Amino acid sequence: MVDPRVNVIEQRLKRITRIIAVSSGKGGVGKSMVATALALSLVKLGCKVGLFDLDFTSPSTHIILGVEGIQPKEEKGLVPPMVHGLEYMSLVYYSGNQATPLRGTDTSNALIELLAVTLWGDLDYLVIDMPPGIGDAVLDLLRLVPRVEFLIVTTSSLLAFETVKKLSSLLRELNVSILGVVENMKMNDSSDVKWRTEMLGLKFLMGIPYDPKIEVAIGDAAKLLETSFAQRVNLIAQRV
Ligand SMILES: Nc1ncnc2c1ncn2[C@@H]1O[C@H](COP(=O)(O)OP(=O)(O)OP(=O)(O)O)[C@@H](O)[C@H]1O
Ligand SMILES: [Mg+2]
């Protein structure tokens, strides 16, 4: 039987022009930082933006944004609170900060539930921070929201890039739009990843150098926007 909530989801997302999932085959490459800075940059460019933390393994955008003590409002659904000019929703509201991660069907159910109950406003962009890896979350999201576009984050490491190949080939098989690849935490000016990306027929969106000033900006959105990291992400925002 088709879950009746699935039909509701399409209705819920109707007022959103574009939905961008920030994803990667490997963990710890900077998805959450990129997703958060991208959402903030799009706000700065004058767009109406939502940020949706769907990382079931360890939601972290609320820490990056310094969001504390606010909750979505219940009005026949959940109204995302406004945080630094963006509509913000996180799985952390749903699961709390419990130590046990959601598993298996619980993950699917939470994803469906959250997509079905969240009342987004009229948005130009909804940016989604995805959990690491090519797992159920990617497949569930695509099943529920087929029009989502993917932005793939990698580091310069061959190990990370290997997973870009896998993720992009899966997305292609499923006819999903791939905006391009971001190479994060670059330690040198090698264009190896750019070259490899283009060999795959994908767009190389941006190289972002390793920025030691990021750590002290965690929890302070204004400070984050001042970093050279955010300046690079701002260029991505102008290109997507
Ligand atoms: N360009 C950068 N320069 C320096 N540090 C960075 C950069 N990008 C991300 N980081 C740091 O690397 C760590 C991992 O970043 P982040 O949590 O965004 O990765 P992630 O891909 O979302 O991880 P996960 O797979 O666990 O969700 C964080 O401590 C973050 O501050
Ligand atoms: Mg993350």
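How far is an oxygen atom of ligand 1 from a polar backbone atom of Val29? Hello everyone, let me begin with that one. The distance is 3.1 Å. Please keep in mind as we go that this is a predicted model.

Let's stay with the contacts for a moment. Gly28 also takes part through its backbone: an N or O atom there lies 2.9 Å from an oxygen atom of ligand 1. With Lys31, the side chain is involved instead, and one of its N or O atoms is 2.7 Å from a ligand oxygen. How much of ligand 1 does the protein bury? On its own, the ligand would expose 630 Å², and the protein buries 81% of that.

Now let's step back and look at the whole shell. There are 18 residues surrounding ligand 1. Gly28 and Lys31, which we have just met, are among the closest, together with Ser32, Asn184 and Asp211. By type, the shell splits into 9 nonpolar, 5 polar and 4 charged residues.

Which element gives the largest share of that shell? If you find α2 in the structure, you have it: this helix contributes 3 residues. The elements that give two or more residues are α2, covering 31-44, then β9, covering 177-186, and α9, covering 214-217.

So much for the ligand; where does it sit? Ligand 1 is found in the largest pocket. That pocket has a volume of about 360 Å³. It is lined by 24 residues, and those closest to its centre are Gly28, Val29, Gly30, Met33 and Met185. You will recognise Gly28 and Val29 there, as both had backbone atoms in our list of contacts with the ligand.

The lining of the pocket can be described just as we described the shell. Its residues divide into 11 nonpolar, 8 polar and 5 charged. At least two lining residues come from each of α2, β9 and α9, and the largest share, 3 residues, is supplied by α2.

If you'd like a starting point when you turn the model around yourself, try α2. It gives the largest share of the shell around ligand 1, and also the largest share of the lining of the largest pocket. Thanks for listening!

Definitions and conventions
Residues numbered from 1 in each chain as written. Chains lettered and ligands numbered in written order. Predicted model: local features only at pLDDT ≥ 70, side-chain atom pairs only at ≥ 80, totals over all residues. Heavy atoms only, no water. Near = heavy atom within 4 Å. Polar contact = N/O pair within 3.5 Å; in protein donor to acceptor, adjacent residues only side chain to side chain. Areas by Shrake-Rupley, 256 points an atom, 1.4 Å probe, with all protein chains shown as cover. 1 Å grid on protein atoms, 1.4 Å probe; cavity = no way out; pocket = protein on both sides within 12 Å on 5 of 7 lines; lining within 4 Å. Sits in = over half its atoms within 2 Å of the grid points. Helix = DSSP H or I, 4+ residues; strand = E, 2+ residues; numbered from the N terminus. Nonpolar A, V, L, I, M, F, W, Y, C, P; charged D, E, K, R; others polar. Points joined across faces, edges and corners; volume = space filled by probe spheres on them.
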